[in-house]
Amino acid sequence: MLLPDLAHLLADRSCLAYNAAFARAVLEREIHRLPQPARSAWATLRPRRWVDAMAPYAAWKGLWSARYRSYRYQPLGGTYDAVTNCQLLLITMHRMCQTG
């Protein structure tokens with residue numbers, strides 16, 4: 001099963017996500033659909049530090065909203081496919097690091 005492997009892989013690591021609160025909620029919802037033995041791996045995943053890339057990306061894009069007094073969140077342009085979105089996030093973070 002993938003979940004124990006994922007828990008082992010993420011041990012002592014942070015999780016980077018775009019809209020981390022949403023991603024974590026989806027992951028948690030899906031985990032709770034699994035049988036109880038598989039759900040025990042969530043105990044090791046739950047305390048992981050989640051880092052949200054949305055705010056830094058919005059600042060990097062630089063579209064200021066005077067109304068909300070913050071940078072406007074920007075879509076990454078991906079689909080609702082998890083693998084594609086992860087790849088797009090990595091490409092975007094790499095681009096942000098290169099241009100400062």
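Okay, one definition before we start: when I say buried, I mean under 20% relative accessible area. Keep that one handy. And a caveat that goes with everything here: this is a predicted model.

Let's put that definition to work on strand β1. Which side chains there are buried, and which are not? C15 and A17 point to one face, and those two are buried. S14 and L16 point to the other face, and they are not buried. That's the textbook pattern, by the way: in a regular strand the side chains alternate between the two faces of the sheet.

So what does β1 pair with? Its partner is strand β2, residues 49–52, and the two run in the parallel sense over 4 bridges. If you want one to click on, take L16, whose bridge partner in β2 is V51.

Zooming out for a second. The protein has 6 helices and 4 strands, and reading along the sequence you get α-β-α-α-α-β-α-β-β-α. The C-alpha trace spans about 50 × 30 × 25 Å along its principal axes. Of the 100 residues, 24% count as buried. On contacts, take the ones with a separation of 6 or more: 60% of those are between residues 24 or more positions apart.

Now, pockets. Rolling a probe the size of a water molecule over the atoms shows where empty space is left. The largest pocket comes out at about 870 Å³. It has 22 lining residues, and the closest to the centre are Y18, A23, A82, N85 and C86. Where does the lining come from? β1 (14–17), α2 (20–31) and α6 (82–99) each give at least two residues, and α6 has the largest share, with 6. By class, that lining splits into 16 nonpolar, 5 polar and 1 charged.

The second largest pocket holds about 310 Å³ of space. Lining this one are L2, L3, L6, L9, L10, C15, A23, L27 and W50. The elements giving two or more residues here are α1 (2–9) and α2, with the largest share, 4 residues, from α1. How many of its lining residues are polar or charged? None: the count is 9 nonpolar, no polar and no charged.

A couple of those names tie things together. A23 sits among the residues closest to the centre of the largest pocket, and A23 is also in the lining of the second largest one. C15, one of the buried side chains on β1, lines that second largest pocket too.

Last topic, aromatics. There are 3 aromatic pairs in the structure. Start with Y18 and Y57: ring centres 6.0 Å apart, planes at 75°, so that's edge-to-face. This pair links distant parts of the chain, with Y18 in the loop between β1 and α2 and Y57 in helix α5, 39 residues apart. Both of these tyrosines are buried. Next is W64 with Y71: centres 5.0 Å apart and planes at 85°, so edge-to-face again. Here the rings belong to residues that are partly exposed, W64 at 46% relative accessible area and Y71 at 36%.

And if you're wondering which residues make up the aromatic cluster, look at Y18, Y57 and W60. Y18 is worth a final click, since we've now met this residue in that cluster and close to the centre of the largest pocket.

That's me done, questions welcome.

Note on methods: Residues are numbered from 1 along each chain as its sequence is written. This is a predicted model: local features need pLDDT of at least 70, side-chain atom pairs count only at pLDDT 80 or more; totals for chains, interfaces and linings use all residues. Side-chain values use heavy atoms; hydrogens and water are left out. On a 1 Å grid over the protein atoms alone, a cavity is a set of points where a 1.4 Å probe fits but cannot get out, and a pocket is an open set with protein on both sides within 12 Å along at least five of seven lines; lining residues have an atom within 4 Å of a point. Grid points are joined across faces, edges and corners, and a volume is the space filled by probe spheres set on the points. Ala, Val, Leu, Ile, Met, Phe, Trp, Tyr, Cys and Pro count as nonpolar, Asp, Glu, Lys and Arg as charged, and the others, Gly among them, as polar. Rings of Phe, Tyr and Trp (its six-membered ring) pair if their centres lie within 6.5 Å; planes under 30 degrees apart count as stacked, over 60 as edge-to-face and the rest as tilted. Buried means under 20% relative accessible area, exposed over 50%, partly exposed in between (1.4 Å probe, protein chains only). Two strands pair if DSSP finds at least two bridges between them. Contact means heavy atoms within 4.5 Å.
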